[in-house]
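Biologist: I would like to go through the ligand site and hear the reason behind each label. Please start when the model is on the screen.

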Amino acid sequence: GELCSFADSATVIKQWQDVSSPGVAAKVKLSCGHAIFAKLFEMAPAAKGLFTRVNVADVNSPEFNGHVMRVMGGLDVLINYLGDTPTLEKMLDHLAKQHAVRDGVTTAGFGVMANVLMASMPQVVEGFNPDAWRNCLIPILNGMSVGL
Ligand code: HEM
């Protein structure tokens with residue numbers, strides 16, 4: 001079935017494309033990603049321990065930058081596939097399995113992430129439409145949390 005309505009997905013894709021246009025995309029994703037992780041660690045300090053492998057001890061390290069870009073790149077692709085439910089669902093399955101194998105990753109953590117994203121996105125997305133974003137992001141995060 002649909003993850004969010006056609007109208008909501010169109011709004012979110014359009015608003016996200018305005019942010020992630022070539023040239024600014026990499027910079028916005030990195031700074032936005034850093035802000036998102038900073039907020040995640042502020043709200044759930046214990047989550048920091050999940051990211052030792054990617055050198056969370058130095059959040060400005062190449063290793064952690066790389067992690068931030070994998071996550072934001074993942075989010076970027078998911079948002080852009082909101083209009084293609086079968087492919088989106090397969091990508092969510094894949095991401096769910098990648099997260100399920102990591103000890104300590106919990107649905108509660110994804111709940112915190114939902115709040116962090118809803119609080120952070122308005123700072124980069126012009127004319128942020130909270131209903132459309134919530135309607136589309138929550139199923140994405142739920143789809144990624146299956147099996148946790
Ligand atoms: C790794 C995406 C939320 C914990 C990853 C990877 C991607 C990704 C693409 C790399 C996969 C790999 O190389 O195996 C996302 C997206 C999220 C999200 C798009 C939501 C918008 C979360 C949350 C948590 C989490 C909420 C914890 C509560 C992890 C961990 C890793 C990881 C522990 C492995 C880090 C490592 O390489 O050691 N995530 N993630 N993720 N994610 Fe997420």
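Biologist: What makes the pair formed by a nitrogen atom of the ligand and the side chain of His99 a polar contact?

Modeller: This is a predicted model. In it, a nitrogen atom of the ligand is 2.9 Å from an N or O atom in the side chain of His99. The cut-off for a pair of N or O atoms is 3.5 Å, so the His99 pair at 2.9 Å counts as a polar contact.

Biologist: Why is His99 called a donor of the iron atom of the ligand?

Modeller: The NE2 atom of His99 is 2.1 Å from the iron. Donors are N, O and S atoms within 2.8 Å of the metal, so NE2 qualifies. His99 is the only protein donor of that iron atom. Its place is in helix α4.

Biologist: What makes Arg53 a polar contact of the ligand?

Modeller: An N or O atom in the Arg53 side chain is 2.7 Å from an oxygen atom of the ligand. The limit is 3.5 Å, so the Arg53 pair is counted. For Arg102, a polar side-chain atom likewise lies 2.7 Å from an oxygen atom of the ligand.

Biologist: Which residues surround the ligand most closely, and how many are there in the shell?

Modeller: The shell has 18 residues, and the closest are Phe51, Arg53, Arg70, His99 and Arg102. Helix α3 gives the most to this shell, with 4 residues.

Biologist: What kinds of residue make up the shell around the ligand?

Modeller: They divide into 11 nonpolar, 4 polar and 3 charged. Arg is classed as charged.

Biologist: Why is the ligand said to sit in the largest pocket?

Modeller: A molecule sits in a pocket if more than half of its atoms lie within 2 Å of the pocket's grid points. The ligand is assigned to the largest pocket, so it meets that condition there.

Biologist: What is the volume of the largest pocket, and which residues lie nearest its centre?

Modeller: The volume is about 1000 Å³. The lining has 36 residues, with Phe37, Phe51, His67, Val71 and His99 nearest the centre. Two or more lining residues come from each of α2 (25-43), α3, α4, α5 and α6. Of these, α3 gives the most, with 9 residues. By class, the lining divides into 22 nonpolar, 10 polar and 4 charged residues.

Technical notes. Residues are numbered from 1 along each chain as its sequence is written. This is a predicted model: local features need pLDDT of at least 70, side-chain atom pairs count only at pLDDT 80 or more; totals for chains, interfaces and linings use all residues. Side-chain values use heavy atoms; hydrogens and water are left out. A residue is near a molecule or strand if one of its heavy atoms lies within 4 Å of it. A polar contact is a pair of N or O atoms within 3.5 Å; within protein, one must be able to donate a hydrogen and the other to accept it, and residues adjacent in sequence count only if both atoms are side-chain atoms. On a 1 Å grid over the protein atoms alone, a cavity is a set of points where a 1.4 Å probe fits but cannot get out, and a pocket is an open set with protein on both sides within 12 Å along at least five of seven lines; lining residues have an atom within 4 Å of a point. Donors are N, O and S atoms within 2.8 Å of the metal (3.2 Å for Na, K and Ca); water is not among the atoms, so sites may look incomplete. Grid points are joined across faces, edges and corners, and a volume is the space filled by probe spheres set on the points.
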